[in-house]
Amino acid sequence: MIGRDVEILHLQKAYQLAIEDGEAQIITIRGDAGVGKSRLLREFGGWITQQANSVLRLKGRAFPSSEKQPYALIRDLLQFYFSIQDTDSAEQAREKMEAGIGNYWPSDEITDVTQGIGQMVGFAFANLKETPQQKSKDAPNYLTQLFERIACQQATVIFLEDVHWADDISLDFVSQFAYTHLQLPLLILCLARPTLYDKRPYWGEGQECHLLIDLRPLSTRDSRQLVAEILRKVESLPDTLRDLIVSNAEGNPFYLEELIQVMIADGIILPDAEHWSVALDKLAMMRVPPTLTGVLQARLDALTAEERAIIQQASVIGTTFWDGALQTLRVTGQTIKSAVFVTDLTGALASLRQHGMIFSREKSSFAETQEYVFKHAILRDVTYESVLKKTRRSYHHQIAEWLINACGDRVAEYALLVAEHYRLAGEIISAINYLCEAGERAQKTMWSTTNEAISFYEQAFTLTTTQKVELALHLPELEIKKLQLRIARSLANLYLDSQKYDLADEIFQIELGLAEELENYLVMSEAYSGLSVIAQSRNDDATAEHYHTLWLKTLGKLRQKPSQPEKAASSSYGHTLNNEAIRTLRQQFEHQPMQSESQH
């Protein structure tokens, strides 16, 4: 691989240490977009295939939409390992996972282990049996044991791509697992942009088993060699052409390749079966786009109308997309299936593959569909920006609906993705409701983590504050405040349950302010009670007593018959509070005589 000999040697050495000597290794390859991380991974994967060792190769990928979803990266990795498709029913997904788990656990433990791991990482399994509370606490141990047993049974190489988008819990697990299992034949290879170190500045630091490889831009010499390799069919490559490409690409292999494609589309480079030629007269008149974005826009402009329409629609679906989803999108009242014949859609996708803009994947996440991926995330981003905003919104709505239908009874697993498409469609209420429903399901599921429910409610609450203008188009201000209050109540209690006292304090204060505005005494009592618990946890007796007093006064108002607006403002009126700490505190003072205001 041109210009990457040193990096390949580092990878090969790590492979030998991990697979041949049984010393677990983790490598992070850090580099800017387009610098060649994926190419290096493919080259190394090819080298592994040629080795005599029989290794198990697993793959996982992080996505922007799942950055705040706990265990999302691990879930993607397990989905690959157990061959679970997104269109599999909950029962089918569970059966596939049980079959895989059965290779490592005795039959009487398979169900518990499958449910524990599956629900913790986000699989929406159906028909869960009642299990003792202690079993739910075993789920993290089950996950650790699974990877231990996999690697003990067969030397394992794990490729993790785009980990700069990975959730923190997955990153913690990967790092901790490698560090605490140094005697396993295991190699973990992570690809990341530099932004990973913005949120995780100490990623891998101080771990002898963890190697950081910085992938730099190619040198001028290596860039020239790469141009010569790509244009090897040009009998006599003009220095002016080569230097023009090299100077503009600035060592970025992706930029270099795309600029050559622009020159082919513009008729400057003339490919033929045997020999290529160069139209020097056109070269002299060419205006080279000064940025990679400009180069990619030029490539889009060179496509036919049908090709451009389809790749734009694909960009709205995401970096990974499916022909089944494309066939359901509607343009001015017509489906692509009717506006462009199926053979045209297939042919256009094949043409885009020939242009080197998309790749077809051997396996698809959705049954009976062909899965494709953009050559590079930058190409997808530039294409997406070329879609009219009004059209984007329509597409995002339809994609959300397609995902809901395609995912069936496992749609809860894709709540964040569906909500994001609704948000981008401008349907903020649908996005918020979907996140809240997902949060409620997570709270009711024994095997779900508190962090998962928190993630859903956090994003829902964020939408109520960042999208107020959009919300105001559909809801009066009073209803917006009620919506915020509903989410804040759940979020505050979840923070309190997980002992995240600073965050709980912040949200309880917001909850209290909203409840006071709405004159909702039940929620006010919850907030005062929660704030008192937090103060007690900080050994701040004075503040705890202050909030306790306010709580007692509010309880006095609650003991009177509430008005109809009070009942309407609180769907939980008359129900016991969910949070254990608040229930305990209420019971502690329930039978104390109410004190008059003058006594304080």
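Ile-158 of strand 3 stands opposite Ile-188 in strand 4 of this predicted model. Strand 3 (residues 156-161) and strand 4 (residues 186-192) are paired in the parallel sense over five bridges; strands are DSSP runs of E of at least two residues, helices are runs of H or I of at least four, and both are numbered from the N terminus. Pairing requires that DSSP finds at least two bridges between two strands. Helix 3 (residues 72-81) packs on the sheet through contacts with strand 2 and strand 3, a contact being heavy atoms within 4.5 Å. The direction of helix 3 makes about 140° with that of strand 2, where axes are lines fitted to C-alpha atoms, for helices over the stretch in contact, and angles run from 0 to 180 degrees between N-to-C directions.

The sheet in question is open and consists of five strands in the order 2-3-4-1-5, with parallel pairing. Strand 2 (56-61) and strand 5 (210-214) each have a single partner strand, so one side of each of these edge strands lacks a neighbour in the sheet. On average, neighbouring strands of this sheet are turned by 15° against each other, direction ignored.

A further open sheet comprises three strands in the order 8-12-11, paired in the antiparallel sense. Its edges are strand 8 (320-322) and strand 11 (358-360); each has a single partner strand, so one side of each is left without a neighbour in the sheet. The average turn between neighbouring strands of this sheet is 30°, direction ignored. Three bridges join strand 8 to strand 12 (residues 371-374) in the antiparallel sense, and Phe-321 stands opposite Tyr-372 in strand 12. Helix 15 (residues 305-317) lies across strand 8, strand 11 and strand 12, at about 115° to strand 8.

For helix 23 (residues 450-466), 17 residues at 1.5 Å a residue should span 24 Å, and the end C-alpha atoms are 24 Å apart, which agrees; the expected span is 1.5 Å times one less than the number of residues. The buried residues of helix 23 include Ile-454, Phe-456, Tyr-457, Phe-461 and Leu-463 (buried: under 20% relative accessible area, 1.4 Å probe, protein chains only).

The mean pLDDT, the predictor's confidence in each residue from 0 to 100, is 86 for the protein, and 88% of residues reach 70 or more. Over residues 130-134 the pLDDT is below 50, and this stretch has five contacts beyond near neighbours in sequence. Residues 332-342 likewise stay under 50, with 15 contacts beyond four places in sequence. Where pLDDT is low, the predicted coordinates should not be read in detail.

Residues are numbered from 1 along each chain as its sequence is written, and side-chain values use heavy atoms, with hydrogens and water left out. In this predicted model, local features need pLDDT of at least 70 and side-chain atom pairs count only at pLDDT 80 or more, whereas totals for chains, interfaces and linings use all residues.

Conventions. Buried < 20%, exposed > 50% of the residue type's maximum accessible area, 1.4 Å probe, protein only.
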